[in-house]
Amino acid sequence: MIKNIQTDVLVIGSGIGGLLTALLIGKNKKITLVTKSSLSQTATRLAQGGIAAVQNFKQDSFREHEADTMKAGHSINKPKIVKEVVEMGPEIIALLKSLHIHFDESLHLEGGHSHHRVAHVKDMTGKIIEDKLIQAVRKNKNIQIYEHMLAIDLLSKSNICHGATFFKDNNIVAIQANETVLATGGIGQAYLHTTNPSVATGDGIAMASRAEVGTEGMEFVQFHPTALEERKTPQLLLSEALRGADAHILNAKGEHFMKKYDVRGDLSPRDIVTKAIFEELKKGQVYLQFEMNKKSIHKDFPTISAAIKQKTGLDLAKDMIPITPVAHYLCGGIKTNSHGVTSMKHLYAVGECASTGLHGANRLASNSLLEAAVFAVKTAEFVLKNCTKNKAIKIAIQLTAATQTYKLKSLRKKIQIIMWEKVGILRTTEGLKTAIQELASIRNLLPPPHFINREISDTKNLLEIGLLIAKAALARKKSIGCHWQV
Ligand SMILES: Cc1cc2nc3c(=O)[nH]c(=O)nc-3n(C[C@H](O)[C@H](O)[C@H](O)COP(=O)(O)OP(=O)(O)OC[C@H]3O[C@@H](n4cnc5c(N)ncnc54)[C@H](O)[C@@H]3O)c2cc1C
């Protein structure tokens, strides 16, 4: 038996993108907010550095934030979107403050930024934002929340979205909605090594792709240069703000090598630092270090400092901390316009699963929380103005909750290894072609398409995402930004 639910607006995902969109639309529309784990299991919660927005107009300007964003993105960003997002920065900070998020007075400096402009709450910005948004959403009577409910596929007919199908407690649920917002986050779990949480399996993008909704920029997977060297996923991120606070990258001989690769040195944009570290790692371990025994760092970055101590016994203030680049952020995704509208009617995408054109070939640090918040505001405005009654329709749903377990762990690992080795930091034409063949052959090993549970859905989606990335990378040919090909 399939359970049916009707709602005005369906929002899928409970990171900054989903929560803020739901909160803003929930002011005067009935919302159903669904998330596949508990509300707080998100990438948003892990954000450390903060949110980029020009605030100190004596030293900084919108034009400089725009220029930094374009330069980091290798100028294939959409300039109009860049301008709009940057200029909404102060409004977003004010909106977050109105939700009782109290930013520190200081602003962080991060790679690729020409000024200190990253608003933060110590090194736990994402956690504070997530917690405050959850509190506000829980208080709103218009928002019905479903946790541990997994979106499977879009309900669509003739390129009109009517909601989505879900898996909950071993049952299939259909939610019909006038408007549907995907805010399902990133794809990091497609790779063997990542900073991303276990929920980041690219579900929304895979669902959109299966329904033939347009995607773009899938080749631009950003590898963060400075994750803690540990063979455990997700890997601890060592925020770029540490370098902004004077930490340096060095090799085993103690040499500061970054200036050899770019005049901006340790604070170059991420794609450049990642490539440099990738090269240096061929010669030996690479490290991050504060050379002056900077004790204040424990107070300024309490979360990172405690996690390093707990995992390695090392002292962030003075020890050489081993680092490595890992998969971190998808710059592309579901193609949207400036109001979150996708190529399918009544379907929107917000946050990391969306490709708005802001990032181009490489995201500027701390522009993603800003982007997610800006497009939550803009999508909410659009939905509130345009939400119409989307006729309830009958769509045949051919899904069955899988009763047996399929032991797909080893297939998932296989996908992650293919992606890491052949569609990772450095790509070759041959490697990409082989990856596509190998991924395609895994398809035949999956259970029949109508059987579903969390394990099957995650594996199916990772495979879909892997193929989208590998095919986009193969089509790109020339290296640019996060896409590095020889
Ligand atoms: C370690 C780390 C540090 C970062 N630091 C920063 C930073 O300092 N500044 C910055 O700007 N950015 C940072 N980022 C990036 C930023 O955090 C993310 O891009 C942003 O939070 C994404 O928000 P989102 O709402 O799009 O997705 P998320 O916060 O990832 O939320 C996605 C939601 O969708 C749900 N979901 C997924 N699939 C389904 C499904 N099938 N059914 C139902 N629900 C589903 C998930 O459970 C989750 O609730 C960081 C990322 C990481 C991983």
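A residue counts as buried if 20 or more other C-beta atoms lie within 10 Å of its own, exposed if 12 or fewer do, and partly exposed in between. Keep that in mind while you work through this predicted model.

**Exercise 1. Work out whether Phe62 is buried, partly exposed or exposed, and say what surrounds it.**

Step 1: Find the residue. Phe62 sits in helix α2.

Step 2: Count. There are 17 other C-beta atoms within 10 Å of Phe62, so this residue is partly exposed.

Step 3: Look for partners. Leaving out residues up to four places away in sequence, Phe62 touches Val54, Val86 and Glu87.

Step 4: Try a long jump. Thr312 is 250 residues from Phe62 in sequence, and their C-alpha atoms are 41 Å apart in space.

**Exercise 2. Which residues of α2 are buried, and why can we say they share a side?**

Step 1: List them. His65, Asp68, Thr69 and Ala72 are the buried ones in α2.

Step 2: Check the directions. They cover an arc of only 100 degrees around the axis, so they lie on the same side of α2.

Step 3: Recall the helix rule. An α-helix makes a turn every 3.6 residues, so residues three or four places apart point the same way.

Step 4: Find the cover. The buried residues of α2 are covered by elements including β3 (51-52), α3 and α12.

**Exercise 3. Compare that with α9: how many of its 11 residues are buried, and what do they pack against?**

Step 1: Take the count. Helix α9 runs over residues 270-280 and is mostly covered, with nine of its 11 residues buried.

Step 2: Name some. Among them are Arg270, Ile272, Lys275 and Glu280.

Step 3: See what they pack against. The buried residues of α9 meet β10, β11 (248-251), α8 (258-261), β12 (286-289) and β13 (321-330).

**Exercise 4. Hunt for backbone oddities: where are Ser75, Asn170 and Pro234?**

Step 1: Start with Ser75. Its place is the loop between α2 (62-72) and α3 (79-87). Phi of Ser75 is near 60 degrees, which is positive although the residue isn't glycine. Ser75 has 13 C-beta neighbours inside 10 Å, so it counts as partly exposed.

Step 2: Look just after α2. His74 has a positive phi too, about 60 degrees.

Step 3: Move to Asn170. You'll find it in the loop between β7 (160-168) and β8 (171-182). Phi of Asn170 is near 65 degrees, again positive in a residue other than glycine. With 9 C-beta neighbours inside 10 Å, Asn170 counts as exposed.

Step 4: Finish with Pro234. It lies in the loop between β10 (221-228) and α7 (241-244). The peptide bond joining Thr233 and Pro234 is cis, with omega about -5 degrees.

**Exercise 5. Zoom out: what makes up the largest nonpolar core, the shell around the ligand and the domains?**

Step 1: Take the core. The largest nonpolar core has 142 residues, and those with the most contacts inside it are Phe166, Leu238, Ala373 and Ile469. Beyond its neighbours within four places in sequence, Ile469 is in contact with Ala190, Met218, Glu219, Val221 and Val423.

Step 2: Turn to the ligand. It is surrounded by 41 residues, the closest being Gly13, Gly15, Gly17, Gly185 and Gly351. The shell has 16 nonpolar, 22 polar and three charged residues. Each of α1 (16-25), β6 (150-157) and α12 (367-386) supplies at least two residues of this shell.

Step 3: Split the chain. The domain assignment gives domain 1 (3-220 + 329-386), domain 2 (225-325) and domain 3 (408-476). Between the C-alpha centres of domain 2 and domain 3 there are 30 Å.

Notes: Residues are numbered from 1 along each chain as its sequence is written. This is a predicted model: local features need pLDDT of at least 70, side-chain atom pairs count only at pLDDT 80 or more; totals for chains, interfaces and linings use all residues. A residue is near a molecule or strand if its C-beta atom, placed from the backbone, lies within 6 Å of it. Helices (H or I, at least four residues) and strands (E, at least two) are DSSP runs, numbered from the N terminus. Ala, Val, Leu, Ile, Met, Phe, Trp, Tyr, Cys and Pro count as nonpolar, Asp, Glu, Lys and Arg as charged, and the others, Gly among them, as polar. A nonpolar core is a set of buried Ala, Val, Leu, Ile, Met, Phe, Trp, Tyr and Cys residues joined through C-beta atoms within 7 Å. Two residues are in contact if their C-beta atoms, placed from the backbone, lie within 7 Å. Domain bounds come from an automatic or database domain assignment. The arc is that of the directions from the helix axis to the C-beta atoms.
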